[in-house]
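Me: Please take a close look at a single part of this model, and tell me how its two sides differ in their surroundings. I would like one connected answer that then moves on to other features of the chain.

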Amino acid sequence: VSEAEISKEAADMEMNREKYVEELKKALITGEESVGKYNFAVSRDEENMECCFSYERNLKDASFRIGSLKLQKVLSTAEVVKELIGDCLDCLGRLQVKNEHLQKENERLFSNWSDVEKRLEKCVEAKEELEADLYNRFILVLNEKKAKIRNLQKLLNEAKESAADAKCTRNTTATTQMGTGRENCYDGSTDEESENLTRASLPS
C-alpha cells in the first residue's frame, strides 16, 4: 500500500494521518490488546475477478470501517508462500528472543524476591530479638523500681513508728513531771503543818 493511498483513506475517514497509521498498526498487527476489537472480511468481486480485504473497528453498539485492500493475484504462489513462511519464522524468532529475555527477567526478579524474603526474615528475627531484649530490660528496671518503692515504704513506716514512739514518750514524760509537781505540793503543805505543830508545842 502506497503512502498516497494511506493518506487518501485517512482523509476519507476524516482522521489525522499519524493517528490513522497507528489505528492500522493496531488492527493489522495482532496483539493481546487487539483481540475482539477488530473485524476482518474478504469479499470477492466476480465481475472484475478481484478480492477485497477489509477491516473494521468494533465499537460498543456498532462498528466503522477503517480501510480495505485489493488482493492481487500473484504469478508465483511458491514465492509468496516462501515469503510468508519467512515472515512467520522471523516473527517466531523475535518472539523466542523476547521469551528468553522475559525468562531471564523473571529469574532475576525471582532471585531478587528471594533475597528480599531472606532479608525480611532476618529483619523479623532481629526485631523479635530486640523486643525480647527490651522486654527483659524493662522487667529488670521494673523490679528495681518495685524494690525501691518497697524500701521507701519500709522507711516511711519506720519513720511513722519512730514519730509515734517519740510522741508517746513525750506524753509520758509530761505526765510524770505533772505528777511529781503535785507530790511536791503535797509535801510542802505537810512540812508547814509540822512547823505549826512544833511552834504550838513550844512553851510561851
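**A helix and its two faces**

Reply: On the face of α1 that is turned away from its buried side lie the exposed residues Ala4, Lys8, Ala11 and Asp12. The model is a predicted one, and in it the helix α1 spans residues 3–12, with Ile6, Glu9 and Ala10 buried. These three residues sit on the same side of α1, because the arc they cover around the axis is only 100 degrees. The cover over the buried residues of α1 includes α2 (17–28) together with the strands β2 (50–58) and β3 (63–71). After α1 comes glutamate 14, which has a positive phi, near 55 degrees.

Strand β2 also takes part in the aromatic pairing, for which a search of the whole structure finds 3 pairs. One of them joins phenylalanine 40 and phenylalanine 53, and this pair counts as stacked because the ring centres are 6.0 Å apart and the planes stand at 5 degrees. Phenylalanine 40 belongs to strand β1 (residues 38–45) and phenylalanine 53 to strand β2, so that the pair links distant parts of the chain, 13 residues apart. Ring pairs also bring Tyr55 into a cluster with Phe40 and Phe53. Phenylalanine 40 counts as partly exposed, because its relative accessibility is 42%.

A further surface feature is the nonpolar patch formed by Val81, Ile85, Leu89 and Leu92, which together have about 380 Å² of accessible area. Among them, leucine 89 is found in helix α3 (residues 77–201), and leucine 89 counts as exposed because its relative accessibility is 55%, where the cut-off for exposed is over 50%.

Methods
Residues are numbered from 1 along each chain as its sequence is written. This is a predicted model: local features need pLDDT of at least 70, side-chain atom pairs count only at pLDDT 80 or more; totals for chains, interfaces and linings use all residues. Side-chain values use heavy atoms; hydrogens and water are left out. Buried means under 20% relative accessible area, exposed over 50%, partly exposed in between (1.4 Å probe, protein chains only). Helices (H or I, at least four residues) and strands (E, at least two) are DSSP runs, numbered from the N terminus. The arc is that of the directions from the helix axis to the C-beta atoms. Contact means heavy atoms within 4.5 Å. Patches are made of residues with over 30% relative accessible area and no salt bridge: like charges are joined within 9 Å, nonpolar side chains (Val, Leu, Ile, Met, Phe, Trp, Tyr) within 5 Å. Accessible areas come from the Shrake-Rupley method with a 1.4 Å probe; for residues, only the protein chains shown count as cover. A salt bridge is a side-chain nitrogen of Lys or Arg within 4 Å of a carboxyl oxygen of Asp or Glu. Rings of Phe, Tyr and Trp (its six-membered ring) pair if their centres lie within 6.5 Å; planes under 30 degrees apart count as stacked, over 60 as edge-to-face and the rest as tilted.
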